[in-house]
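Reader: Please take a close look at the ligand site in this model, together with the residues and cores that surround it. I would also like a few single residues placed in their local surroundings.

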Amino acid sequence: MGKTGDARSRALERCGARIKRDAEAFGAFGSGGRVKEAVYPSDGASFVEAAAILSGEDYVVLGGATDVLFPDDGYDGTILSTDRMRDVSRSGDRIYCSAGARLPQVVAKCRKYALSGLEQLSGIPGSVGGAVTMNAGAFGREMAELIVRVDAVTSDGRAVAFGADALGAGYRHTSIAERGLTVLGAELKLCPSTRKEIESCIAGFEERRRASQPQGRSLGSVFKRVNGVSAGYYIDRAGLKGTKSGGAEISRKHANFIVNNGGATGADFIALSELARKTVLEKFGIGLEYEVIFL
Ligand SMILES: Cc1cc2nc3c(=O)[nH]c(=O)nc-3n(C[C@H](O)[C@H](O)[C@H](O)COP(=O)(O)OP(=O)(O)OC[C@H]3O[C@@H](n4cnc5c(N)ncnc54)[C@H](O)[C@@H]3O)c2cc1C
């Protein structure tokens with residue numbers, strides 16, 4: 001790397017970011033080629049500085065990478081990751097989560113604090129930043145319902161804060177991506193409860209998840225619901241459960257999941273998801289919309 005590269009690396013390190021070059025594949029599906037560079041700021045201030053240093057370069061912000069399929073031939077840009085920004089703190093019935101805190105970690109903290117509201121989301125492996133941005137949800141509870149305030153940064157480095165009414169939240173969607181914002185943290189409002197009650201709720205939702213969803217490597221739901229009906233219902237009725245491509249398979253347990261049985265590539269995932277999309281369109285006239293994001 002030349003002098004400019006060295007100066008850039010030093011600037012990133014000075015702001016508290018760690019750098020990993022030629023990083024191995026990202027993404028919960030476990031496929032994908034190598035990534036040219038991944039940058040891990042230590043906290044919100046470090047993130048803002050790192051983003052300023054990377055401005056004008058090809059980079060993408062990721063949290064847990066649990067909803068993103070990486071290209072098989074690698075990613076020739078920079079991943080700016082919130083993964084080290086995991087602080088969670090409490091003030092009364094509110095908690096403040098840094099963007100990189102994972103939902104299971106946040107739910108565990110809420111259990112400790114005896115604060116209820118997030119139990120339904122305990123099985124979602126992503127980060128708070130990703131979950132706020134995508135308005136993640138499960139079992140009738142959506143992230144947006146709990147939000148008091150989101151702290152974010154604009155693409156030109158301005159700090160902004162806004163409440164739930166300015167989220168533009170809908171089903172698995174907010175306006176955060178369209179506005180070019182990165183979530184740095186979010187304040188959530190919960191309800192006082194007891195640890196015992198929260199534990200029993202979490203156990204119930206986890207049991208429902210285990211009974212209906214596969215345990216292997218996946219990106220969760222491949223497609224969004226259609227008028228409240230799981231895309232899996234149509235994929236199942238199209239007879240596609242158990243269909244394989246290389247190491248990938250349309251789950252026999254839940255047809256809206258594509259699982260990596262070992263050695264699956266992104267191309268295998270796309271072959272199966274496109275087969276499902278085309279077959280459901282042909283058989284039922286329904287156009288499925290991807291929930292998974294393709295980098
Ligand atoms: C086994 C499994 C089960 C799942 N179950 C559910 C479920 O029940 N419900 C559900 O809704 N989802 C589910 N998911 C999908 C996923 O976990 C959620 O969508 C989660 O919110 C994504 O968070 P992430 O940090 O992994 O996002 P990433 O995959 O890292 O990123 C997703 C998108 O969000 C953007 N993003 C990430 N962080 C930020 C940030 N700080 N600011 C701005 N943009 C950001 C990225 O650029 C990208 O466009 C599941 C996934 C898996 C693997």
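Author: Lys36 is located in strand S2, which spans residues 35-40. The model is a predicted one. With a relative accessible area of 46%, Lys36 is partly exposed, because that class covers values between 20% and 50%. Beyond its neighbours within four places in sequence, Lys36 is in contact with Lys20, Arg21 and Asp22, and also with Tyr75, Asp76 and Gly77. Between Lys36 and Ala65 there are 16 Å in space, C-alpha to C-alpha, and the two are 29 residues apart in sequence.

The ligand comes next. Its surroundings comprise 32 residues, of which Val61, Gly64, Thr66, Ser127 and Gly137 come nearest. Sorted by class, this shell has 15 nonpolar, 13 polar and four charged residues. H4 provides the largest share of the shell, five residues.

Several polar atoms of the protein lie close to N or O atoms of the ligand. A backbone N or O atom of Gly137 is 2.7 Å from a ligand nitrogen atom. A polar backbone atom of Asp67 lies 3.0 Å from an oxygen atom of the ligand. From the side chain of Arg209, an N or O atom is 2.8 Å from a ligand oxygen atom. The ligand taken alone exposes 970 Å², and the protein buries 89% of that area. Two or more residues of the shell come from each of strand S3 (59-62), H4, strand S9 (137-138) and S13.

Ser127, one of the residues that come nearest to the ligand, sits in the loop between strand S8 (115-116) and H4. Ser127 counts as buried because its relative accessible area of 2% is under 20%. Not counting residues up to four places away in sequence, Ser127 touches Gly63, Gly64, Thr82, Ala99, Gly100, Ala101 and Arg102. Gly64 in that list is also among the residues that come nearest to the ligand.

The nonpolar interior can be described in the same way. The largest nonpolar core has 34 residues, and those touching the most other members are Ile95, Val106, Leu118, Val128, Val132 and Leu188. Two or more residues each are given to this core by strand S7 (94-98), helix H3 (103-113), helix H4 (128-134), strand S11 (147-153), strand S13 (182-189) and helix H5 (195-212). H3 gives the most, with five residues. H4 and S13 therefore serve both sets: they give two or more residues to this core and two or more to the shell around the ligand, where elements are DSSP runs.

Val106 shows the contacts of one member of this core. Leaving out residues up to four places away in sequence, Val106 touches Val88, Ile95, Cys97, Ala101, Leu118 and Val128. A second core, separate from this one, has 23 residues, including Leu69, Val226, Ile235 and Ala255.

Ser245 is the last residue to place. Ser245 belongs to strand S15, residues 244-245. Its relative accessible area is 16%, so Ser245 is buried, the limit being under 20%. Leaving aside residues up to four places away in sequence, Ser245 touches Asp268, Ala271 and Leu272. With Asp268, the side chain of Ser245 makes a side-chain to side-chain polar contact of 3.3 Å.

Definitions and conventions. Residues are numbered from 1 along each chain as its sequence is written. This is a predicted model: local features need pLDDT of at least 70, side-chain atom pairs count only at pLDDT 80 or more; totals for chains, interfaces and linings use all residues. Side-chain values use heavy atoms; hydrogens and water are left out. A nonpolar core is a set of buried Ala, Val, Leu, Ile, Met, Phe, Trp, Tyr and Cys residues joined through side-chain atoms within 4.5 Å. Buried means under 20% relative accessible area, exposed over 50%, partly exposed in between (1.4 Å probe, protein chains only). Helices (H or I, at least four residues) and strands (E, at least two) are DSSP runs, numbered from the N terminus. Contact means heavy atoms within 4.5 Å. A residue is near a molecule or strand if one of its heavy atoms lies within 4 Å of it. A polar contact is a pair of N or O atoms within 3.5 Å; within protein, one must be able to donate a hydrogen and the other to accept it, and residues adjacent in sequence count only if both atoms are side-chain atoms. Accessible areas come from the Shrake-Rupley method with a 1.4 Å probe; for residues, only the protein chains shown count as cover. Ala, Val, Leu, Ile, Met, Phe, Trp, Tyr, Cys and Pro count as nonpolar, Asp, Glu, Lys and Arg as charged, and the others, Gly among them, as polar.
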